[in-house]
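Thanks, everyone. I'll walk through a few local features of this model, then take the salt bridges.

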Amino acid sequence: MLKKAFLFVLLYLIAVLLAPAIQSYDFEEGMNARYAKSWLENHVYPEYDRSVIHQVNSTQTQDVELDMGEEYQSGDNEVLDSEYSGDFIVEDEPGLFRLVLVQDGKVAGGYTNSDDVSISNINIEDLDREKVRETYGEPEEYIQKGWKRLRVNEEGFEVFDLKESYVYFFYDLHQEDKVNGMLLLDKDQVASIETLYNNPPAEANSRLNHLVVNASRIEYGLEPLEVDESASSAALGHSTDMAQNDYFEHESPQGVTLKDRIEESGVRYQKAGENIAMGHTSVIFAHHSLLNSPDHRVNVLSPDFTHLGTGTAYGREDVPYYTENYIQK
């Protein structure tokens, strides 16, 4: 009797799973990754009620609204290679900073730290970790990257699956988990990448590093920092040295310090500070990690500094090394 009951339950489960698969199967195109992904999203992955997002967004105000999939032209704006399939178009308006991820002329994602910018009705105004979870549910522990899963459960940010896209919310751990950044990505921008690192040219990452530092300073009520080419040269030298010699310290194995590096590069300064980071898949993640570290936050948000030099280099297995040199003239 138990065997018959078990067999009945097994046949029922197979029918429940197999029926929609047969109904939706494309017999001309056959089984492929796109079909498997589409079937899983339609029949296995949970539905997300976007009306909740619209309800929250309706109480917020925004000066800039972007929509996933809409056509977008770079115009005269700066364009930077990204670690995703698309490119970042830089919209560097004070207080309205955003990086618009564009592929084939259409919006495929974006990053902003401004509560006056909305992307597909998602806005960070008045959000903290508790409010985010009330709105979006439980965060993901993994996301799909190619045919692999990438762990994304970090204290400083959380990721939520919106069926066709992922949204990352970055938290300020020093201000009661207030949301201070948002990254929205079409899933294809992530799923098409088979490796952990898909680094853009190092120069693009160095430039992006400077941009996100200044965007944060403006949001926290501080003046942006000017580019110091000599400090950038020193920063690049240190990142390259760490990448080539496989270490991660402010002082090199030969005993070379920040003071030695910036003075050798000809930097004129009254005060200097240095942040270093490694291993983050993106400058955006490295920046928010440094902002949450007390020892590094004081550099990013110091009112004393006037200039900044950034340098990026890639080591073994494409691991990125980032250096920021903060200068007071």
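Serine 239 is buried, because its relative accessibility is 0%. Keep in mind that this is a predicted model. Serine 239 sits in helix 7, residues 229-245. What does its side chain pair with? The side chain of threonine 323 makes a polar contact with the side chain of serine 239, at 2.7 Å. Now the surroundings, without neighbours within four places in sequence: serine 239 touches Gly311, Thr312, Ala313, Tyr321, Tyr322 and Thr323.

Next, backbone angles. Most residues other than glycine have a negative phi. Lysine 163 has a positive one, about 75°, and is not a glycine. Where is it? Lysine 163 is in the loop between strand 9 (157-161) and strand 10 (165-172). Its relative accessible area is 22%, so lysine 163 is partly exposed.

Glutamate 317 also has a positive phi without being a glycine, here about 55°. Its loop runs between strand 14 (307-314) and strand 15 (320-328). Buried or exposed? Glutamate 317 is exposed, because its relative accessible area is 74%.

On to helix 4, residues 129-136. Which residues are buried there? Arg129, Val132, Thr135 and Tyr136 are buried in helix 4. Looking down the axis, those buried residues fall within an arc of 130°, so they line one face of helix 4. Residues three or four places apart in an α-helix point the same way, because there are 3.6 residues a turn. Glu130 and Glu134 are exposed on the other side of helix 4.

Now the two ends. At the start of helix 4, aspartate 128 brings a side-chain oxygen to within 3.2 Å of the backbone nitrogen of glutamate 130. Just after helix 4 comes glycine 137, with a positive phi of about 85°.

Now the salt bridges. How many are there in the whole structure? A search finds 13. I'll take three of them.

Glutamate 158 pairs with arginine 133, and their closest N and O atoms are 2.3 Å apart. This pair links distant parts of the chain: glutamate 158 is in strand 9, arginine 133 is in helix 4, and they are 25 residues apart. Glutamate 158 has 4% relative accessibility, so it counts as buried. Arginine 133 is partly exposed, because its relative accessible area is 33%.

Second pair: aspartate 172 and arginine 297 form a salt bridge, 3.0 Å from N to O. Aspartate 172 is in strand 10 and arginine 297 is in helix 10 (residues 294-300), so the bridge ties together parts 125 residues apart in sequence. Aspartate 172 is at 0% relative accessibility, so it counts as buried. Arginine 297 counts as buried too, because its relative accessibility is 13%.

Third pair: lysine 329 and aspartate 228 meet through their side chains, 2.7 Å from N to O. Again, distant parts of the chain are linked, 101 residues apart. Lysine 329 is in the segment after strand 15, and aspartate 228 is in the loop between strand 12 (226-227) and helix 7. Lysine 329 has 36% relative accessibility, so it counts as partly exposed. Aspartate 228 is at 7%, so it counts as buried.

One last item. Which residues do salt bridges with shared partners join into one network? Arg129, Arg133, Glu158 and Asp177. That's my tour. Over to you.

Note on methods
Residues numbered from 1 in each chain as written. Predicted model: local features only at pLDDT ≥ 70, side-chain atom pairs only at ≥ 80, totals over all residues. Heavy atoms only, no water. Helix = DSSP H or I, 4+ residues; strand = E, 2+ residues; numbered from the N terminus. Buried < 20%, exposed > 50% of the residue type's maximum accessible area, 1.4 Å probe, protein only. Polar contact = N/O pair within 3.5 Å; in protein donor to acceptor, adjacent residues only side chain to side chain. Contact = heavy atoms within 4.5 Å. Arc of directions from axis to C-beta. Salt bridge = Lys/Arg side-chain N within 4 Å of Asp/Glu carboxyl O.
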